[in-house]
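Okay, thanks for having me. Let me put the structure up, and then I'll walk you through the sheets, the helices on them and a few side chains.

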Amino acid sequence: ILRVWEVFLIPITILVTVKVVQAFKEKKRETYLLSVGFFLICVAGMNDMVIDIYTGKNIYLTQYGFLILMILSAISVAYKDSRNERDLYLLTRELEERVQARTSELQKKNWVMEQDLEFANKLQSSFLPVVSPHIEGIRVHACYMPMVQVGGDLYDWVEIDDNRIVFLVADVSGHGVPAALVSSMLKVQFLEYSKRTSDPGQILHEINRSICQLSIKYFVTAVCAVVDTKAMEISIAAAGHPDPIITYKNQAGTSQKRTKGTILGFLEASVFHTITIPIHSGDRFVFYTDGVTEARGDGDLFGENRLLEYFEKGKSDNLEVLVQGLKQELISHSKNELKDDVTFLVIEIS
């Protein structure tokens, strides 16, 4: 067995010597230590072999070489762990610094975006009418609550003359800045076309034609109405919008006036029919977007029935109180978290 070991020791020694040279080239300290340990074992083994051949004795230097190798291996492992911990610490610190820098950058960009949205919100709010119409015999109150800082809902009115006023309530598909830009465009178009005609159906037709010509498709639901206090009638045309609610002061019950019409921006050739109904003192007309009936709380929609019941119970309430009350009802029902833009407008014939 000893002679077999002596035969194999020579190539092993050569191999270890080559590995030691490679280790020094790689310049890794733990590799230096292990290579030196193996080299010492080989040297000790060669000595044991030479002494055994010439004297027949063995002083067992190899076992001391193994002891040194074990010690150097332990030192090498400890050194490697220490270096890995140091490298990990440096890497972690570098990553933390990068994260902090990136977070700071994102906070700055977010602050800028918040400022832009706040400005957009103020600008959009300034587009909405705040002064009641000057036409005698009409009282108007409206509510607008965007889901985010800016939204795609719109309400507006234009006084045609001393006896007539035209209203528009619209809902642009989507939310945020893109929808707000489209709603701003709608306001400009409404102001322009309401000067040319007092027919609600024709106004919607012209707005629809303009939207269809946009390169980017947006869909809009809308309702347009003209109130004439001299003729005591209201003309209404709709484009895929929720049906308006009517409450009669001297009659029981609250109803919805069924309207027809395709959404704006879908087909340029769409025709919007105008219906005309008589009005009386004390009548109320409610125009709203689907964000009202679709206000959701714990999976429960506010719904049309609840909306009809609210206006039926509030027939004798002051108009401003009625509008503020519905606003609070919707906020409470949706747990202060609107899922869509909310807009409604109430017209009272006095």
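Let's start with an open sheet of 5 strands, in the order 1-12-9-6-7, with antiparallel pairing. Two strands count as paired if DSSP finds at least two bridges between them. The edges are strand 1 (138-145) and strand 7 (254-256); each has a single partner strand, so one side of each has no neighbour in the sheet. On average, neighbouring strands here are turned by 15° against each other, ignoring direction. For angles, axes are lines fitted to C-alpha atoms, for helices over the stretch in contact, and the angles run from 0 to 180 degrees between N-to-C directions.

Before I go on, the ground rules. This is a predicted model, so local features need pLDDT of at least 70 and side-chain atom pairs count only at pLDDT 80 or more, while totals for chains, interfaces and linings use all residues. Residues are numbered from 1 along each chain as its sequence is written, and side-chain values use heavy atoms, with hydrogens and water left out. Helices (H or I, at least four residues) and strands (E, at least two) are DSSP runs, numbered from the N terminus.

Back to that sheet. Strand 6 (residues 245-247) pairs with strand 9 (residues 284-288) in the antiparallel sense, over 3 bridges. If you want a residue to click on, T247 has R284 in strand 9 as its bridge partner. Now, what packs on this sheet? Helix 7 (residues 303-313) does, touching strand 6, strand 7, strand 9 and strand 12 (342-349), and its direction makes about 135° with that of strand 7. Contact, by the way, means heavy atoms within 4.5 Å. Then there's helix 8 (residues 319-333), which lies across strand 1, strand 9 and strand 12 and runs at about 20° to strand 1.

On to another sheet. This one is also open, with 5 strands in the order 2-3-4-5-8 and antiparallel pairing. Strand 2 (153-159) and strand 8 (275-278) are at the edges with a single partner strand each, so each has one side without a neighbour in the sheet. The twist from one strand to the next averages 15°. Helix 4 (residues 176-193) packs on this sheet: it touches strand 2, strand 3 (164-172) and strand 4 (220-228), and its direction makes about 15° with that of strand 2.

Let me go through the pairings. Strand 2 and strand 3 are joined by a hairpin through 4 residues, and 7 bridges hold this antiparallel pair. Strand 3 goes on to strand 4 with 9 bridges, again antiparallel. You can follow D171 through both: D153 stands opposite D171 in strand 3, and D171 in turn stands opposite T221 in strand 4. At the far side, strand 5 (residues 233-239) joins strand 8 through 4 bridges, antiparallel, with I234 partnered by I277 in strand 8.

So is strand 3 mostly covered or mostly open? Covered: 8 of its 9 residues are buried. Buried is under 20% relative accessible area, exposed is over 50%, and partly exposed is in between (1.4 Å probe, protein chains only).

Some salt bridges next; the cut-off is a side-chain nitrogen of Lys or Arg within 4 Å of a carboxyl oxygen of Asp or Glu. The whole structure has 12 of them. R98 and E94 make one, with the closest N and O atoms 2.8 Å apart. They sit 4 residues apart in helix 3 (residues 61-127), which means about one helical turn between them. R98 is exposed at 55% relative accessible area, while E94 is partly exposed at 36%. R306 and D300 also meet in a salt bridge, 3.1 Å from N to O, and R102, E105 and K109 are linked in a network.

Last stop, the surface. V36, F39, L40, V43 and I68 form a nonpolar patch with about 340 Å² of accessible area together. Patches take residues with over 30% relative accessible area and no salt bridge, joining like charges within 9 Å and nonpolar side chains (Val, Leu, Ile, Met, Phe, Trp, Tyr) within 5 Å; the areas are Shrake-Rupley with a 1.4 Å probe, and for residues only the protein chains shown count as cover. Helix 2 (residues 29-55) gives the most, with 4 residues. One of the patch residues, V36, is in helix 2 and is partly exposed at 34%.
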